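Biologist: I am new to this one, and I would like to know what lies behind the words used for it. Could you show it to me before I ask?

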Amino acid sequence: MSAVEVAALIVGGGLGAGARYLMDAAVMRGRSGAFPVGILLVNVLGSFLLGLLTGLGTSVAPVWMSILGVGVLGGFTTFSTVSTETALLAERGRRDWAWINLLGTLVLSLAAAALGLLLGGLFPR
């Protein structure tokens, strides 16, 4: 990758992280201490979009695959927040929500990625 392409990847990561914050904040507005549905939705959407992008395969230039996949969607999705939210839920005595958050994120994100791959593969190359 050229320096300009690396810079685009870095900016994309920042844009993805900003979009994650805005989406989570909008979903969780006024829901302090509630189940972290905002981050769950972020990760499911991000998994779907990365699956879709990956499913498009060679119709997307490798540099754009990196900028969008690693940069934007890598910044958008977050495993660390899921881990922290799950630990905090367990610490607050909401082990049921902790398990739902952990397993729900895993199952729904995998299903969303598979759907994205499937739909991405349907597009002509």
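**Words and their cut-offs**

Biologist: Why is Asp96 called partly exposed?

Modeller: The relative accessible area of Asp96 is 42%. Buried means under 20%, exposed means over 50%, and partly exposed is what lies in between (1.4 Å probe, protein chains only). Asp96 at 42% is therefore partly exposed. This is a predicted model, in which local features need pLDDT of at least 70 and side-chain atom pairs count only at pLDDT 80 or more, while totals for chains, interfaces and linings use all residues. Residues are numbered from 1 along each chain as its sequence is written, and side-chain values use heavy atoms, with hydrogens and water left out.

Biologist: What makes the contact of Asp96 and Arg94 a salt bridge?

Modeller: The N to O distance between their side chains is 2.9 Å. The rule asks for a side-chain nitrogen of Lys or Arg within 4 Å of a carboxyl oxygen of Asp or Glu, so the contact of Asp96 and Arg94 qualifies. The structure holds one salt bridge. Arg94, at 30% relative accessibility, counts as partly exposed.

Biologist: How do you know that the charged end of Arg94 sits over the ring of Trp97?

Modeller: The charged end of Arg94 is 3.9 Å from the centre of that ring. To count, NZ of Lys or CZ of Arg must be within 6 Å of the ring centre and within 35 degrees of the ring normal. Arg94 and Trp97 are listed as such a case. Arg94 thus appears in the salt bridge with Asp96 and over the ring of Trp97.

Biologist: Why is the pair of Phe35 and Trp97 called edge-to-face?

Modeller: The structure holds one aromatic pair. In it, the ring centres of Phe35 and Trp97 are 5.9 Å apart and the planes stand at 85°. Rings of Phe, Tyr and Trp (its six-membered ring) pair if their centres lie within 6.5 Å; planes under 30 degrees apart count as stacked, over 60 as edge-to-face and the rest as tilted. The distance therefore makes Phe35 and Trp97 a pair, and the angle makes the pair edge-to-face.

Biologist: What makes this pair a tie between separate parts of the chain?

Modeller: Phe35 lies in the loop between helix H1 (3–28) and helix H2 (37–55), whereas Trp97 lies in helix H5 (residues 95–122), so the pair ties together parts that are 62 residues apart in sequence. Phe35 is buried at 14%, and Trp97 is partly exposed at 24%.

Biologist: How many helices and strands does the chain have?

Modeller: There are five helices and zero strands, in the order α-α-α-α-α from the N terminus. Helices (H or I, at least four residues) and strands (E, at least two) are DSSP runs, numbered from the N terminus. The C-alpha trace spans about 50 × 30 × 20 Å along its principal axes, and 30% of the 125 residues count as buried.

Biologist: Why do Gly16 and Val82 count as buried?

Modeller: Gly16, in helix H1, has a relative accessible area of 1%. Val82, in helix H4 (residues 79–91), is at 4%. Each value falls under the cut-off, so Gly16 and Val82 are buried. The C-alpha atoms of Gly16 and Leu73 are 5.9 Å apart, with their positions 57 residues apart in sequence. Val82 and Asn101 are 19 residues apart along the chain, and their C-alpha atoms are separated by 7.5 Å.

Biologist: What makes up the nonpolar surface patch?

Modeller: Trp99, Leu102, Leu103, Leu106, Val107 and Leu110 make it, and its area is about 600 Å². A patch takes residues with over 30% relative accessible area and no salt bridge, joining like charges within 9 Å and nonpolar side chains (Val, Leu, Ile, Met, Phe, Trp, Tyr) within 5 Å. Leu102, in helix H5, is partly exposed at 36%, so Leu102 passes the accessibility cut-off for a patch.

Definitions and conventions
Accessible areas come from the Shrake-Rupley method with a 1.4 Å probe; for residues, only the protein chains shown count as cover.
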